Amino acid sequence: MATHIDLADRTAIVTGAARGIGLAIAQRLLASGTSVALWDRDATALAAVETALGGTGRFIVQPVDITDEAAVTQAVRTAEAKLGPIAILVNNAGIGGPVVQTWEYDLATWRQIFAVNVDGTFLCSKAVIPAMRARGYGRIVNIASIAGKNGTPNFSAYSASKAAVIALTKALGRELADTEILVNCVCPSVADTEILQSFTPEKVKWMLDQVPKGRFVKPDEIAAMVAWLASDECSFTTGQLFDITGGRSVY
Ligand SMILES: NC(=O)c1ccc[n+]([C@@H]2O[C@H](COP(=O)([O-])OP(=O)(O)OC[C@H]3O[C@@H](n4cnc5c(N)ncnc54)[C@H](O)[C@@H]3O)[C@@H](O)[C@H]2O)c1
């Protein structure tokens with residue numbers, strides 16, 4: 001019997017949805033019947049996505065910088081007014097930063113990586129949780145990384161920020177565990193998206209060499225995992241991380 005994940009009558013926010021993994025997640029949710037607010041700080045790329053997606057479901061695009069609390073709060077209001085109550089939040093937006101030895105990071109760069117990856121995830125979650133609590137339902141899915149579990153050498157700000165996203169997922173999941181708001185995260189290995197522009201070709205090869213399956217994870221594969229975590233069928237699992245590393249991670 002064919003099965004599918006039914007997310008009809010739900011409304012989602014996907015951050016960092018103008019390209020890469022976030023766009024794949026938004027497309028997967030739209031295909032599952034969800035109304036989607038696609039957020040990104042890149043207004044030009046969002047406009048192109050709006051044109052490309054035209055007619056494929058119920059969605060809006062919203063230029064938002066997730067490090068700006070006032071902008072995030074206002075964007076949630078707009079999304080709810082246009083699409084309905086937010087039931088699903090996918091905290092996907094993230095940046096990599098430079099490949100440098102830890103002692104060579106400048107503090108401003110280190111802080112910027114944390115501002116997007118950690119503060120952004122916190123601010124978007126903070127903006128939707130009170131209404132989710134009032135309505136008694138929610139699914140929050142954070143996109144972390146294998147780097148947050150293993151630590152990628154010469155990429156310590158990113159690795160530490162993703163470890164923070166994992167810990168935030170666990171803490172928030174436990175805080176909300178007596179409600180119907182579930183909080184989980186996924187930890188992918190390397191995917192072939194624009195974020196790799198931070199890396200040297202040697203570093204990308206090094207990361208791929210760690211993956212027993214010997215290939216990039218596809219954004220669609222990550223989106224499929226997110227779709228289940230965002231659904232009613234994920235009903236008794238919270239505060240967990242889900243591995244999607246082609247056999248790289250063993251714990
Ligand atoms: N590509 C990989 O190898 C890989 C592996 C594991 C985890 N991840 C994670 O997956 C997520 C998506 O990565 P991707 O590979 O699709 O990257 P990407 O660079 O292709 O896309 C990221 C998107 O986030 C947006 N963004 C960045 N800062 C923002 C901000 N402050 N406010 C709003 N939007 C912002 C960018 O404009 C961009 O459109 C990230 O959290 C990343 O860390 C990626």
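Trainee: What percentage of the 251 residues of the protein count as buried?
Mentor: This is a predicted model. A residue needs 20 or more other C-beta atoms within 10 Å of its own to be buried. By that cut-off, the buried part of the 251 residues is 43%.

Trainee: What radius of gyration does the protein have, against that of a compact globule?
Mentor: Start from the chain length, 251 residues. A compact globule with that many would come out near 18 Å. The protein agrees with this, at 17 Å.

Trainee: And what box do the C-alpha atoms fill?
Mentor: Take the box along the principal axes. Its dimensions are roughly 45 × 45 × 40 Å.

Trainee: How many helices and strands does the protein have?
Mentor: Both kinds of element are present. The count is eight helices and seven strands.

Trainee: What share of the contacts with a separation of 6 or more comes from residues 24 or more positions apart?
Mentor: Set aside pairs with a separation below 6. Of the remaining contacts, residues 24 or more positions apart account for 72%.

Trainee: Is strand β1 largely enclosed or open?
Mentor: Strand β1 covers residues 11-15. T11, I13 and T15 point one way, A12 and V14 the other, and all are buried. That pattern fits the rule that side chains in a regular strand alternate between the two faces of the sheet. With five of its five residues buried, β1 is largely enclosed.

Trainee: Which residue in β2 stands opposite T15?
Mentor: β1 pairs with β2, residues 35-40, in the parallel sense over five bridges. With α1, these two strands make a right-handed β-α-β unit. Opposite T15, on the β2 side, stands W39.

Trainee: Which residue in β4 is the bridge partner of A12?
Mentor: β4 spans residues 88-91. It runs parallel to β1, and three bridges join the two. The partner of A12 there is I88.

Trainee: Which residues come nearest to the ligand?
Mentor: There are 29 residues around the ligand. By class they are 13 nonpolar, ten polar and six charged. The nearest are G16, G20, G94, T193 and I195.

Trainee: Which element gives the largest share of that shell?
Mentor: Two elements give two or more residues to the shell: α1 (20-31) and α4 (107-135). The largest share is three residues. That share comes from α1.

Trainee: What is the phi of D9?
Mentor: Most residues other than glycine have a negative phi. D9 is not a glycine, yet its phi is positive. D9 lies in the segment before β1, and it counts as exposed because it has 10 C-beta neighbours inside 10 Å. Its phi is about 70°.

Trainee: Where is N154, and what is its phi?
Mentor: N154 sits in the loop between α5 (147-150) and α6 (156-175). It counts as partly exposed, with 17 C-beta neighbours inside 10 Å. Its phi is again positive in a residue other than glycine, near 65°.

Trainee: Which residues is V100 in contact with, leaving aside neighbours within four places in sequence?
Mentor: V100 lies in the loop between β4 and α4. It is partly exposed, with 14 other C-beta atoms within 10 Å. Its contacts beyond four places are Y105 and N154.

Trainee: What distance separates the C-alpha atoms of V100 and D9?
Mentor: Along the chain, the two residues are 91 residues apart. In space, their C-alpha atoms are separated by 45 Å.

How values were computed
Residues numbered from 1 in each chain as written. Predicted model: local features only at pLDDT ≥ 70, side-chain atom pairs only at ≥ 80, totals over all residues. Near = placed C-beta within 6 Å. Helix = DSSP H or I, 4+ residues; strand = E, 2+ residues; numbered from the N terminus. Nonpolar A, V, L, I, M, F, W, Y, C, P; charged D, E, K, R; others polar. Rg over C-alpha atoms; globule rule 2.2 N^0.38 Å. Buried ≥ 20, exposed ≤ 12 C-beta atoms within 10 Å, placed from the backbone. Contact = placed C-beta atoms within 7 Å. Pairing = 2+ DSSP bridges. Right-handed = clockwise from strand over helix to strand, strands pointing away.
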